[in-house]
Amino acid sequence: MAITDKIYLKNHRQIVSQLDTSIPKGAFKGATMEVLYSGDGLTKLDDATRDRLLDFATDFLDCEDPDDLYTGYPERQFIRYLLELRAQGLGPDAIVDVMTDDYMLYAYPGDVLSFLDQAVRRLEAVESLAAVEGDQEMERRAAETRRALSKG
């Protein structure tokens, strides 16, 4: 299961009540993204909630081609966001706090830790494969990225 399947709207019940429509709790579920992307229902939300959800829509759902919304673009953008937070030295608890402050999203710190651990393991594999293939540039880049994610 991808990390984006474990990212939830904080205050989901309150949001559903204000929107007066049912949407899944998962931030990256199709119906949730459709409501956030269209922006029509967001006018019903209180200012603080609307601002954060609009920030989420702008940062992760604003693709050049609207069809990309359902091809993994938002998930890739969000994964990049998580990895950047980790590269800044934040641990799983702090990453959850930041995503909650930034976008009113929630995840369990253990799920974030598992995601980060998997990312490091994949980078180790990329590094090893690049060494076998003699691709020193890719080996160097994978090693640097792995070290950035492992620090802290």
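**Notebook: pockets and salt bridges**

I began with the lining of the largest pocket, which by class has 9 nonpolar, 3 polar and 3 charged residues. I note here that the model I am reading is a predicted one.

Entry 1, the largest pocket. I looked up how much space lies in this pocket and found about 330 Å³. Of the 15 residues that line it, I wrote down I79, F115, Q118, A119 and R122 as the closest to its centre. Helix 4 (73-87), helix 6 (109-133) and helix 7 (136-150) are the elements that give two or more residues to this lining, and helix 6 gives the most, with 7 residues.

Entry 2, the second largest pocket. Here I found about 150 Å³ of space, with a lining made up of Y8, L9, K10, N11, H12, R13, K25, Y106 and Y108. The elements that give two or more residues to this lining are strand 1 (8-9) and helix 1. Sorted by class, the lining of the second largest pocket has 4 nonpolar, 2 polar and 3 charged residues.

Entry 3, a closer look at H12. I picked H12 from that lining and found its place in helix 1, which covers residues 12-19. Is H12 buried or exposed? Its relative accessibility is 18%, and because buried means under 20%, H12 counts as buried. Leaving out residues up to four places away in sequence, I found that H12 touches I23, P24 and K25, and K25 also appears in the lining of the second largest pocket.

Entry 4, salt bridges. I reminded myself that side chains of opposite charge can pair when their charged atoms come close. How many salt bridges does the structure hold? The structure holds 7 salt bridges.

In one of them, the side chains of D111 and K6 meet at 3.9 Å, N to O. D111 lies in helix 6 and K6 in the segment before strand 1, so this pair ties together parts that are 105 residues apart in sequence. D111 counts as partly exposed, at 21% relative accessibility.

In another, the side chains of D47 and R50 meet at 2.3 Å, N to O. D47 and R50 are 3 residues apart in helix 3 (residues 47-61), so about one helical turn separates them.

I then turned to E127 and R146, which form a salt bridge with their closest N and O atoms 2.8 Å apart. This pair links distant parts of the chain, with E127 in helix 6 and R146 in helix 7, 19 residues apart, and both E127 and R146 are buried. Last, I noted that D117, R121 and E124 are joined into one network by salt bridges that share partners.

Methods
Residues are numbered from 1 along each chain as its sequence is written. This is a predicted model: local features need pLDDT of at least 70, side-chain atom pairs count only at pLDDT 80 or more; totals for chains, interfaces and linings use all residues. Side-chain values use heavy atoms; hydrogens and water are left out. Helices (H or I, at least four residues) and strands (E, at least two) are DSSP runs, numbered from the N terminus. Buried means under 20% relative accessible area, exposed over 50%, partly exposed in between (1.4 Å probe, protein chains only). Contact means heavy atoms within 4.5 Å. On a 1 Å grid over the protein atoms alone, a cavity is a set of points where a 1.4 Å probe fits but cannot get out, and a pocket is an open set with protein on both sides within 12 Å along at least five of seven lines; lining residues have an atom within 4 Å of a point. Grid points are joined across faces, edges and corners, and a volume is the space filled by probe spheres set on the points. Ala, Val, Leu, Ile, Met, Phe, Trp, Tyr, Cys and Pro count as nonpolar, Asp, Glu, Lys and Arg as charged, and the others, Gly among them, as polar.
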